[in-house]
Every structure is written in C-alpha cells, then in structure tokens.
Amino acid sequence: MTSAETTSTIPTIDLSAIVQSEDPAVRKAKAIEFVEAVHVHGACGIVGHGISVERLREAFKWSEKFFNLPTDVKNKAPHPKGMVPHRGYSGFNTEKCLIYTEEELASMSGELSKDSGKALDFKEHYDIGSEEEKVHYNLWIPDEDLPGFRNFMLDFFWEFESLSKLVLDALLEGLEIDKAATDYYRSIHTGHQNGIRPIHYPPINESMIDRESLTWCPTHTDFTSFTLLAQDLASGLEIEDRKNPGTFFKATTDIEDRLYLTIGDHMDTWTNGYLPGSKHRVVIPPPKDGSKVTPKRFSMPYFVTARHDGVLEPQHTGKAAEMPEGKYKKMTVAEHIEFRMKYQYTDIGDEEASS
Ligand SMILES: [Fe+2]
C-alpha cells in the first residue's frame, strides 16, 4: 500500500452485558466503556451482540446464492440511474467511486488519502431496506428466481435494526448528553432509513493488481450515523489509527461473529467529534496457498441513517463538552448527504461507500 503498514488491532467490546443484563448499573458501566473505546478511533469490534454465528453464516449463504445467479436474473432488479430509489442490484463497473475534493474534505476536517482517487471498480452489490420506506423502495428479483431470499433478507434487515437500536441506545447512554437532545436524536432514527448491502468482491488475478495504488475501496468515511459490518472470513477492511494517521488496523476475521462498528459523519457532527467519523478502506486480500488469484470476499454492511429531515446540531453537553466548539456546522441529514454525494460519486451514486 502507499500509506504506512497496518498495525495489529482495534478494541473489541463485548456487548453481552447490555444485551442480557437488566441491571442499570451494569448496563451503564458497559455503555461508558463502549463510548470510550469508540472515542479513540471512531470504530471498534463488537461481540456478544446477539446475532449468532449460524445466522451470519446463513446470511452469507443467501448472499452467495444471489450473486451466483445469472447476470440477467440479477438485472431483473437493477439499481436505477440516479439516486431514487437507492435500491436493487448494482453490477460490475456501474459505480464510479470518486473521492471528494481536498477543499471539501478540509471543510469536514478530513484529509485526502494518497490512494483516494484510485479504486478497483470490480464488485457487485444489492441494496435492501425497509418495505415501508416510500422513497427508497425495495427492488426485488422475482421470488421464483431465488425462493426464500426476499423473506430471509427482510428478517435479517430487521434483526440488524434491533441491534442498531441497542447500539445507539448504549452510545447515547455513555455519551451522557443532555436528555432533550438525546431524545430528539433517538427519535430521528426510525429504522426505515437504514439499509443492508450484501457485497461480492470476486477473485482477481494477482498479476492485474497494482498494489501500490489500488484498493477495493479507497479511504473514506461513511455518511451515516454509524455502520455495522459483517464480513466473511476473507478479510480486507482496514480502519485508520487516528493516533497515527495514515496507518491502519486490519479488521481481522479471527473471531467469526465479530462485527465492526464504524462511526459515520452524522454522529461525528452531532457528538461534536467526540465519536469521530472512522476513516476506513477495503484492500484486496493477497492470494492464499500459492494461488495466482485473490480470494473472493463477501461483506454485508448495515448502514444506520437518521431521517433525512433530521437536524444534526453539534452538542456541547456530556462527553461532547470535552471537544472544542466551532468545528462542525449545524445541518440536516439531507443537506449533508447531498454535500457528500456531489463529490464522491458519479453515475448511479451511492449513499454510503462500501466496506
Ligand atoms: Fe465505508
């Protein structure tokens, strides 16, 4: 890679005390530990979250079955040109990932990565959300083409929605921000604006890869509140070490059911930077066992986004009071998404970069 070598790991938090305990003191202690872990890098691993290994494996089986379908079947639910609805199947070379300008990033306190302009546009994904969302309505392939897929994915979406609420509640409890502001922030997370995206990165011949400059997805932040990432055993996600900018932690897959939480721009703004937006990238895993091709990779980010008319006002109480004032501007979720969309993508657009 062009930037510094990856380092070992980021913290992993066991959320089982929050999932299982009714004791407010136990839950509060864990919430504070959780917030302090995320405060450092804007990201952490999470285990004990209540979604079983078996369930995650089942989800990746469905994902693989879907991507194994003939292209003409997958294209029965094509992602439309433009942003509405932000749903359906995006095949290879349909997404042109560009990074925002240096000036725009500077205004967001971000930095332009050395490799940010170069990404290997060779993946396919499928965007799914709430059936009750009227603007970004779901686009499905006919059920007879993959019986059971739609029902499974909808159930799985709502399982992740329950987990995302638990995560949000824990973060809000640990942040100790003013109650009225916290209640408002919680209220704009209805679940219906969330999305799940099975992604397939196919194998590629190593000889085609310029590892000095190419990544599956260049360094970026997500324009969400936060993202929960499930990935199969082929790793690739790397999360920036905020204490050593330009160096990255590998999001390792040695614990199969570990999910990775990355904070997005919206929670970064609302917490006045106390929970900073995670900069992350996806690198192409090296071939294994003497093979000339890289392993295929499946991942499944769950994007948690607030209502688009939600107001992101930087907070100055609780933990957020520890951060300097004046870095962030008040804006709506829609305004921020529009701002990022303008610079990050062409063609179909993409509400959140992939992971
Ligand atoms: Fe991302």
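**Strand E10 and its sheet**

In E13, His280 is the bridge partner of Ile239. The model is predicted. Strand E13 covers residues 280–282 and is joined to E10 by three bridges. The two strands run antiparallel.

Strand E10 spans residues 237–240 and is also joined to E11 by three bridges. This pairing, too, is antiparallel. Within it, Ile239 stands opposite Phe249 of E11. Glu238 faces Lys250 in E11. Ile239 thus has Phe249 opposite it in E11 and His280 as its partner in E13.

In a regular strand, side chains alternate between the two faces of the sheet. In E10, Leu237 and Ile239 point one way. Glu238 and Glu240 point the other way. All four of these residues are buried.

The wider arrangement is an open sheet of four strands, ordered E8-E13-E10-E11. Pairing in the sheet is antiparallel. Strand E8 (217–220) and strand E11 (248–250) form the edges. Each has a single partner strand, so one side of each lacks a neighbour in the sheet. On average, neighbouring strands are turned by 20° against each other, direction ignored.

A further site is Asp169, in helix H6 (residues 149–175). Asp169 has 16 C-beta neighbours inside 10 Å and therefore counts as partly exposed; the buried class begins at 20. The C-alpha atoms of Asp169 and Ala31 are separated by 8.6 Å. Along the chain, these two residues are 138 residues apart.

Conventions
Residues numbered from 1 in each chain as written. Predicted model: local features only at pLDDT ≥ 70, side-chain atom pairs only at ≥ 80, totals over all residues. Pairing = 2+ DSSP bridges. Axes fitted to C-alpha atoms, helices over the stretch in contact; angles between N-to-C directions. Buried ≥ 20, exposed ≤ 12 C-beta atoms within 10 Å, placed from the backbone.
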